[in-house]
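Here is a short briefing to read alongside the coordinates. Have the viewer open and follow the topics in any order you like.

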Amino acid sequence: MTRRTSTGDRNRVDYDVVVAGGGPVGLFLAGELRLGGASVLVVERLAEVDETIKAGGINTAGAVSLYRRGLLPDLAAAWERNRWRMRAFLGDRAADAPRTPPKFAGHFAGIMMRGDLFDGSDPAFADIGPADGVGLGVPQVELERILGARADRLGVEVRRGVQLTGFEADDDGVTVRLDPSEAIRARWLVGCDGGRSTVRKLAGFDFPGTEPEITGYQAVVEMSGGERLGVGWNTTDVGTYVNGPFPGRVLTVEFDGPPADRSAPVTAEELQASLRRVSGVAEVTIDEVHSSTRFTDNARQASTYRKGRVLLAGDAAHVHSPFGGQGLNLGLGDAMNLGWKLAAVVRGAAPENLLDSYTAERHPVGAWVLDWTRAQIAVMRPDRHARALRRVVTDLALTTTGTTYLVKQISGVWQRYDLPGGHPLTGQSAPDLEFSDGTRLGDRLHDGRALLLDLADDPKLRARAEGYGDRVDVVTAACPGRPELTGLLVRPDGFVAWAADENDQGDDVDDALARWFVAV
């Protein structure tokens, strides 16, 4: 039942958190908040799941986050459904379609990576576990349905067809205005409402960055003459176009400045003209448009992700071109990082200043992604200097070292946070350790609680967690594959807060526990 409050009733709390935006990032964040014990309302202006073609893949870091919440079977099923679309497009080349999720896929500025040049023995890819590659090729709409079903199971209230029109924030909470005349009182508001975020604009977040120089189109169409188009990524004297990887999917990029009106409907004539210009194939005709979108390379990032009781995540916090498929994965990482922290603050299980670590940890990752996409724009430009640079980058990419470097960046396995502690694992995403009973570390993170892993049957280590109650689960297990490790403190988001091995007594575990969790 919907609860109402007046502007003056600031002592009343209808929800702990209101999340504006019911896309994948907002739904994932809402689920994380519910796992942590917070009451959540998600408001989404669209009445139905958005079927518009968008991101087409989840990288390794994103898939690992979903695996840690028990969603790997759903992700694998979605990949299998999409695989048959790819096989239908390839036709006689259907044997080229992967039969199992590949270890990697991707490109840099349309320069495709070659699997035979990838060095999978690089330490960055060790101990990833069963999530490796599972999300590649899973469309965003499929992920949104998976996360929507999860949110429903967890008891998240999602209201579709509801527009956030304004809010007033004070020291104790936020009064959120919903169309047409409803007011909701919450302790916190999180904007997950996209690149043109209402929450970000109304809260007055700075949003510096670089201006766009391209107009891009992505669409699913019915077309005639498509057999004359090259398959995959194609670079021409005018720009770039993509044909595939499933029937009717096309993408074009032209360096003619941003569109006059990004919100105007994309017409078949507009798409056709762009595809003909970039491809040079005058015979191609767009007969019908099923789904379409415009995009640019506008690259901006909020200078902070929090202002008082208002926070940002996903595209509301950062925008960039879609090249390399980083945006969705960046948003999932934001949600995984913020969810457990905000829930702990709501429950009184952590001080409010814990939220300072959200911007401190995620802002550098976002800044890197923006520069990664800017670098691709520089290599994709049609001028002679950029084309010369592209040839150099292509030569580097066609080496084992170059391919492995690019795959590490695309997959997100490089990400780590600057956390106190001297062990090499501290600040990294935890290795997916396999225990002697056949379970894995990822299996033990489904409920979103922190883990203190005693890997040496050390009662003194287990005693360190006494007083933290259910905020830290203590697990004693043997890990034959990593016998040198004696203990790990793994945060709810799966990142290592403390680690020790046989050469390290790990005396700083008390500091790590106190830093991230408050004793009961």
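The notes below cover salt bridges, one helix and some surface patches.

This is a predicted model, so please read every value as computed from it. The structure holds 36 salt bridges, and three of those that link distant parts of the chain are described here.

**Salt bridges across the chain**

- Asp122 pairs with Lys408, with 3.3 Å between the closest N and O atoms. The two are 286 residues apart: Asp122 sits in the loop between strand E4 (111-112) and helix H4 (140-154), and Lys408 in helix H10 (residues 400-411).
- Asp122 counts as buried because its relative accessible area is 15%, under the 20% cut-off. Lys408, at 21%, is partly exposed.
- Arg381 and Glu213 form a salt bridge whose closest N and O atoms are 2.8 Å apart. Arg381 lies in the loop between helix H8 (356-380) and H9, while Glu213 lies in the loop between strand E9 (209-210) and strand E10 (215-224), 168 residues apart.
- Both partners are partly exposed, with relative accessible areas of 28% for Arg381 and 26% for Glu213.

**A salt-bridge network**

- Glu352 and Arg306 are bridged, with the closest N and O atoms 2.5 Å apart. This pair spans 46 residues, from Arg306 in strand E16 (residues 306-307) to Glu352 in the loop between helix H7 (327-347) and H8.
- Arg306 is buried at 17% relative accessible area, whereas Glu352 is partly exposed at 36%.
- Arg306 and Glu352 also belong to a network of salt bridges that includes Arg309 and Asp356.

**Helix H1**

- Helix H1 (residues 24-35) has 12 residues and should span 16 Å at 1.5 Å a residue; its end C-alpha atoms are 16 Å apart, so the two agree.
- H1 is mostly covered, with 10 of its 12 residues buried; among them are Phe28, Leu29 and Glu32.
- Gly37 follows H1 and has a positive phi, near 95°.

**Surface patches and helix H9**

- Arg45, Arg196, Lys201 and Arg262 form a positive surface patch. Arg45 is in the loop between strand E2 (40-44) and helix H2 (60-67), and is exposed at 55% relative accessible area.
- Leu389, Val392 and Leu396 make a nonpolar surface patch with about 270 Å² of accessible area together. Leu389 is in helix H9 and is partly exposed, at 40% relative accessibility.
- Arg391 is in helix H9 (residues 384-397) and counts as exposed at 55% relative accessibility. The C-alpha atoms of Arg391 and Ile111 are separated by 9.9 Å, although these residues are 280 residues apart along the chain.

Notes. Residues are numbered from 1 along each chain as its sequence is written. This is a predicted model: local features need pLDDT of at least 70, side-chain atom pairs count only at pLDDT 80 or more; totals for chains, interfaces and linings use all residues. Side-chain values use heavy atoms; hydrogens and water are left out. Patches are made of residues with over 30% relative accessible area and no salt bridge: like charges are joined within 9 Å, nonpolar side chains (Val, Leu, Ile, Met, Phe, Trp, Tyr) within 5 Å. Accessible areas come from the Shrake-Rupley method with a 1.4 Å probe; for residues, only the protein chains shown count as cover. A salt bridge is a side-chain nitrogen of Lys or Arg within 4 Å of a carboxyl oxygen of Asp or Glu. Lys and Arg count as positive and Asp and Glu as negative; His and the chain ends are not counted. The place of a charge is taken as NZ of Lys, CZ of Arg, CG of Asp or CD of Glu. Helices (H or I, at least four residues) and strands (E, at least two) are DSSP runs, numbered from the N terminus. Buried means under 20% relative accessible area, exposed over 50%, partly exposed in between (1.4 Å probe, protein chains only). The expected span of a helix is 1.5 Å times one less than its number of residues.
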